[in-house]
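Colleague: I've got this one open on my screen and would like to know where the labels come from. Can you take me through them?

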Amino acid sequence: MRVSVIGCGYLGAVHAGAMAALGHDVVGVDVDEAKVAALSAGRAPFFEPGLPELLAQTTASGRLRFSTDLSEVAGCEVHFVCVGTPQRHHEFAADLTYVDAAFADLAAFLAPGDVVVGKSTVPVGTAERLAAGLEGTGAVLIWNPEFLREGFAVQDTLHPDRLVYGVPAGEAGERGRAVLDVVYAAPLADGVPLVVTDYATAQLVKVAANSFLATKISFINAMAELCEATGADVTALADAIGHDVRIGRKFLNAGLGFGGGCLPKDIRAFMARAGELGVDQALSFLREVDSINMRRRVRMVDLAREVCAGSIVGRRVAVLGAAFKPDSDDVRDSPALSVAAQMRLQGAHVTVTDPQAIPNAQRAWPDLVFADTAEAAAQGADVVILATEWREYRALDPEKLAQVVRSKAIVDGRNVLDPVAWRGAGWTYRALGRP
Ligand code: UGA
């Protein structure tokens, strides 16, 4: 099919590449000229495993191209809207400026029978409003939320664990659904579960899923607080409760908590929307989920202070990790950078390192100092903080790192190091939720 993808960020760039890999003719459109130039040359404008190969292969095949000119979408039968919905300034609610602009601009290029597919994460009720705005174009809107994880985006897009269509009642909705079945013919043939529902449910599925994941993480981090007060070990606790298949071990990794461009802003936007709908009590627990999460960052700084005998003023701190999670260069609401910045503001000399995210981190926090490797960041350090669990940090050799630091002290913010090995090498090892 002829497919357009509007908005080529973390979601849209991967989606465009994946649609081309599925055999469709794809044009990706974005307002950012530098991004479009990189994508057109088959280069990924951000770090995402597998994306460079996907882009190189699909742009070379001629099935994928990019443009800054929205009129290029004319003639496409399916239009995916993948623009961002960040948190509004001074508010919890989502900023729908980009979604509204994309739909308004797209309308001019739609032909009767076209299918517009909303993928952006939006407050429930938005799809209904956007569908009304398309009246008169002859196009139908399907709401098709996206569940990809950064770091696994290519695999999650090509092999999703489920597909959800929010479809309007009536003949146009049936037709739209049939078109989307052709777009996703390959994953559907692989047996990927499909849930076909109404607009409201489809929009809610997305924020409900992210709220559940955030709640799971904050639950285990609340248990970590209990463990800290009692001398218990949250990692053993998570293993033990995780054996119950009703609970499951995934997303029970206690530590610095969740960040990124999705979970934090999505739970806040969900609370804001519930308030507008008069059911704010239903989501008041998410306020606690948010608070538990933010408290972990403060606790991390306190732990480092304890390790530094009560003061971090003038102390040298190495922070390993700047990205909000491994295998990503995304620093939006990164817990690692939050800790680094807090410590810097409290008078420590902080050096941050990350395998991929230094350029983005530098733009976000220009007054932090950056180093290329863990060893360079840890030179003369009074304390080392593991803030993002990149594979190379998990594999650090305590004997080797001991040679460059001033004081052998490490705070494991992700509970991924072996305390026995580090203590055995003479290190003071501290972690969130562990004795
Ligand atoms: C999240 C969801 O997992 C995706 O399904 C969803 O599509 C996406 O948001 C989105 O809305 O676009 P993502 O933000 O890429 O994906 O990252 P996650 O893997 O969910 O991790 C989020 C944060 O939680 C990270 O900071 C991670 O370090 C933290 N985390 C995760 C924990 O602290 N503990 C865990 O056990 C798991």
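Colleague: What is special about the phi of A309, just after helix 12?

Modeller: Its sign: A309 takes a positive phi of about 60° there. This is a predicted model, in which local features need pLDDT of at least 70 and side-chain atom pairs count only at pLDDT 80 or more, while totals for chains, interfaces and linings use all residues. Residues are numbered from 1 along each chain as its sequence is written, and side-chain values use heavy atoms, with hydrogens and water left out.

Colleague: How do you know that the span of helix 12 agrees with its 24 residues?

Modeller: Helices are DSSP runs of H or I with at least four residues, strands are runs of E with at least two, and both are numbered from the N terminus. The expected span is 1.5 Å times one less than the number of residues. For helix 12 that gives 34 Å, and its end C-alpha atoms are 36 Å apart, which agrees.

Colleague: What covers the buried residues of helix 12?

Modeller: The cover includes helix 9, helix 11, helix 13 and strands 12, 13 and 14. Buried means under 20% relative accessible area, exposed means over 50%, and partly exposed is in between, with a 1.4 Å probe and protein chains only. Among the buried residues of helix 12 are L286, D290, R296 and M300.

Colleague: What makes strands 13 and 14 a pair?

Modeller: Two strands pair if DSSP finds at least two bridges between them. Strands 13 and 14 have four, in the parallel sense, and one of the bridge partnerships joins A409 to T428 in strand 14. On strand 12, three bridges lead to strand 13, again parallel, with I385 opposite V411.

Colleague: What is the strand order in the open sheet?

Modeller: The order of its six strands is 11-10-9-12-13-14, with parallel pairing. Strands 11 and 14 are called edge strands, as each pairs on one side only. The twist averages 25° from one strand to the next. Helix 12 packs on the sheet, touching strands 12, 13 and 14 (contact means heavy atoms within 4.5 Å), and its direction makes about 165° with that of strand 13. Such angles run from 0 to 180 degrees between N-to-C directions, with axes fitted to C-alpha atoms, for helices over the stretch in contact.

Colleague: How do you know that both faces of strand 13 are covered?

Modeller: In a regular strand the side chains alternate between the two faces of the sheet. In strand 13, A409 and V411 on one side and I410 and D412 on the other are all buried.

Colleague: Why is the F47 and W390 pair called tilted?

Modeller: Rings of Phe, Tyr and Trp (its six-membered ring) pair if their centres lie within 6.5 Å; planes under 30 degrees apart count as stacked, over 60 as edge-to-face and the rest as tilted. F47 and W390 have centres 6.2 Å apart and planes at 50°, so they are tilted. W390 is buried at 4%, whereas F47, at 23%, counts as partly exposed.

Colleague: And why is the Y165 and Y184 pair given its label?

Modeller: The centres are 6.4 Å apart and the planes at 25°, so this pair is stacked. Both tyrosines are buried, and ring pairs link them with F80 into a cluster.

Colleague: What makes R162 sit over the ring of F147?

Modeller: The rule wants NZ of Lys or CZ of Arg within 6 Å of the ring centre and within 35 degrees of the ring normal. The charged end of R162 is 3.6 Å from the centre of the F147 ring and counts as sitting over it.
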